[in-house]
Amino acid sequence: MELFLHQVLAGLATGGIYACMALAVVMIYQAIDHLNFAQGEMAMFSTFIAWQLIQWGFPYWLAFGATIVISFAAGVLIERVVLRPIHDAPVLSHVVAFIALLSIFNSGAGFLWDWTIKNFASPFGAGPFLGQNLINKHDAGMIAVTILLLVFLYLFFRHTRIGLAMRAAAANPESARLAGIRVGWMTALGWGMAAAIGSVAGMLIAPVVFLEPNMMLSILLYGFAGAVVGGLTSPGGAVLGGFAVGVIENLAGTYIPVVGREMKLSIALCIIVAVLCVKPSGLFGRPVVTRV
Amino acid sequence: MLLRPETREPPVYAVGGITLAQWRLILLGAGLLVVAVIPFVLKNFYIFQITLAIIYAIAILGLNLLTGFNGQFSLGHSAFYAIGAYTAAIMMENLGINYVWTIPAAAAVCFVFGFLFGLPALRLEGIYLALATFALAIAIPQALKSTVVEHWTGGVQGIVIIKPDAPFGLPLNSDQWLYVLTVVVALIMYVCAVNLVNSRTGRALIAIRDHPVAASAMGINVSLYKSLTFGVSALYTGVAGALGAIAIAFVAPDSFTFVLAVALFVGLVVGGVASIPGTLVGGLFVLFVPNIAESVSKGLAGAVYGVILLLVIYLMPTGFAGLMRLITAKLMRPSR
């Protein structure tokens, strides 16, 4: 029982990472209606910016705030410069543009900051949380920040005019435009917010997995998985999905002997496919109804 | 407006007095001539590279049948490529079967696998299907490394194959022979694909892509056709995988990661979605552009590749085939 509890808590801790990333994925999905494959690399690049600022002697929280602002601006800029010119192109061409961005950020970070693994400080410290050995301070802090972010996003989307405008622009661009919403800028804002959330996720994840240009590849995958399990239309579902993936992955690795460490990822993905077969729009997502 | 009888005939589109259909034939003939000349004029290394490009083109053709003609999105075709490659490698090395027989075997294995994967995929659409196939792309290399099948797959080390020589005492070295073999297989695969797409079945596939509800109202068995397309698509990619294994003479799990799936997908879009000739351009792009990027800058190869990719998407948002369609539409004028 002790082992079980321990594994669940450890799963929740890693699940916090995935939940962060899943939240960023869902954010951009709500704003642009596509999955952004470059999301993980954007988060990684932001984390490197934070690392650089800290190296230059900025205090942690100042660097944290500055990185969020820089990432937001960069997200808006990417939408304006890279994606605006091809907004009429087919969906598949967009996906290729995301792949191009992924490649550029990955290689750029390796070029600017080297491919070696770097330590990234945690603002919460590393000791055990509340004197218990079950979960450490950083994991607890990470989970808290994720939940805080979720509440903030909920309030933003439900209770502000601009949040409503963003939802309208994503759900039905034509009608939104007729209602006087500047759909193009809403999309850019969505990119900015997704980049900012991604940067928060990156900075929280980096102390756990260490900072290097390829750190996000598998995490983004788990993030996608969490988002899809929870439902791409529901930020809360995505966070829950992220935690669920973390816990399932840990329990499968512990209790199913064949699985072991290297097969954990495959198991998590199999579970996702299974969930999708039963509920094609995720556990908390709304099924898409189209008029014929 | 007066309707003169002769204007009722469909206008014939032509450039320089040659009609579109004739242009197609001329281009096809010229293309075949180039293909026939290549093994005798180029150096072995370039022959090998072009062989690989054709192999990628076959794999992209498989992906195109699924995504372009049937509207099912896949980011997991590296899995079928891997299964084809491993089928060939295991048959050659562990069972001692001649390499020629491994190609139809890989086709059969991949067809069954693809068909079975297509069944759960029926419930998924768009981005969800992309993720499920992506999961497959991630899972396969790990499964190949696992200790359960290590005896057959050679684990992380993979399997080394002996490169076949030309049979019947033909005066060709092994690179030239593999080129000939690949071209012959590719020709068969392309003719089949063209016939498939232009048949009743092909029209059913396209109808399903464009409007599944209308297609099923027309009496098309949507589920059956969709899973069958998955099977056929996997078959094409599996054949490409088997050819790739024979040509490179080596298989290892890490050659078939999702990077390969993404590369095939990029080739599909660059060549042109739902275009059969476009897949050849896609194959060339997948093979040569990363090398070009590396020659521009070693440290920033990925960034250069990304920039090239972005430029390609800006210039040809609908791929090479779309650009060609645009050019013909501009050039072609109805002639009497």
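Tutor: Before we begin, please keep one cut-off in mind for this predicted model: helix axes that meet at an angle of 65 to 115 degrees count as roughly perpendicular.

Student: Why are α6(A) and α8(A) called roughly perpendicular to each other?

Tutor: The axes of helix α6 (residues 161-171) of chain A and α8(A) cross at roughly 105 degrees and come within 9 Å. That angle falls in the range of 65 to 115 degrees, and α6(A) and α8(A) are therefore roughly perpendicular.

Student: Which residues of α6(A) and α8(A) make the contact, and what are their classes?

Tutor: From α6(A) come Ala165(A), Met166(A) and Ala169(A), while α8(A) brings Val183(A), Met186(A), Thr187(A), Leu189(A) and Gly190(A). By class, the contact of α6(A) with α8(A) has 6 nonpolar, 2 polar and no charged residues.

Student: What makes α5(A) roughly antiparallel to α8(A)?

Tutor: Helix α5 (residues 137-159) of chain A packs against helix α8 (residues 183-209) of chain A at an angle of about 170 degrees, and their axes lie 10 Å apart. Because angles over 145 degrees count as roughly antiparallel, α5(A) is given that description relative to α8(A). In this contact, His138(A), Met142(A), Val145(A) and Leu149(A) of α5(A) meet Ile197(A), Val200(A), Leu204(A) and Pro207(A) of α8(A). The residues of the contact of α5(A) with α8(A) divide into 7 nonpolar, 1 polar and no charged.

Student: How do you know whether the radius of gyration of chain A agrees or disagrees with that of a compact globule?

Tutor: For 292 residues, a compact globule would have a radius of gyration near 19 Å, and chain A has 19 Å, so the value agrees. Along its principal axes, the C-alpha trace of chain A spans about 60 × 50 × 35 Å. The secondary structure of chain A consists of 11 helices and 0 strands, and 49% of its 292 residues count as buried. Of the contacts in chain A with a separation of 6 or more, 73% are between residues 24 or more positions apart.

Student: What is the outcome when chain B is set against a compact globule?

Tutor: With 336 residues, a compact globule would come near 20 Å, whereas chain B has a radius of gyration of 21 Å, which agrees. The C-alpha atoms of chain B fill a box of roughly 80 × 50 × 45 Å along the principal axes. Chain B has 14 helices and 5 strands, and 49% of its 336 residues count as buried. Among contacts in chain B between residues at least 6 apart in sequence, 77% join residues at least 24 apart.

Student: Why does Ile54(B) count as buried or exposed?

Tutor: Ile54(B), which lies in helix α2 (residues 44-69) of chain B, has 25 C-beta neighbours inside 10 Å, and because a residue with 20 or more counts as buried, Ile54(B) is placed in that class. Not counting residues up to four places away in sequence, Ile54(B) touches Thr182(B), Val183(B), Ala186(B) and Gly283(B).

Student: What makes Ser146(B) count as buried, partly exposed or exposed?

Tutor: Ser146(B) is in the loop between α5 and α6 (150-153) of chain B. With 17 C-beta neighbours inside 10 Å, Ser146(B) falls in between the limits of 12 or fewer for exposed and 20 or more for buried, so Ser146(B) counts as partly exposed. The C-alpha atoms of Ser146(B) and Gly278(B) are separated by 37 Å, and these residues are 132 residues apart along the chain.

Student: Which residues have the most contacts inside the largest nonpolar core?

Tutor: The largest nonpolar core has 207 residues, and those with the most contacts inside it are Met21(A), Leu23(A), Ala24(A), Val25(A), Ile58(B) and Val239(B). Helix α1 (residues 2-32) of chain A gives the most to this core, with 17 residues. As for Ile58(B), its partners beyond four places in sequence are Ala186(B), Met189(B), Tyr236(B), Val239(B) and Ala240(B).

Student: How many residues does the contact take from chain B and from chain A?

Tutor: Chain B gives 34 residues and chain A gives 34 residues to the contact. On the side of chain B that touches chain A, α5 (126-145), α11 (258-271) and α13 (301-315) of chain B each supply at least two residues. That side of chain B comprises 26 nonpolar, 6 polar and 2 charged residues.

Note on methods. Residues numbered from 1 in each chain as written. Chains lettered and ligands numbered in written order. Predicted model: local features only at pLDDT ≥ 70, side-chain atom pairs only at ≥ 80, totals over all residues. Contact = placed C-beta atoms within 7 Å. Helix = DSSP H or I, 4+ residues; strand = E, 2+ residues; numbered from the N terminus. Nonpolar A, V, L, I, M, F, W, Y, C, P; charged D, E, K, R; others polar. Rg over C-alpha atoms; globule rule 2.2 N^0.38 Å. Axes fitted to C-alpha atoms, helices over the stretch in contact; angles between N-to-C directions. Parallel < 35°, antiparallel > 145°, perpendicular 65-115°, else oblique. Core = buried A, V, L, I, M, F, W, Y, C linked by C-beta atoms within 7 Å.
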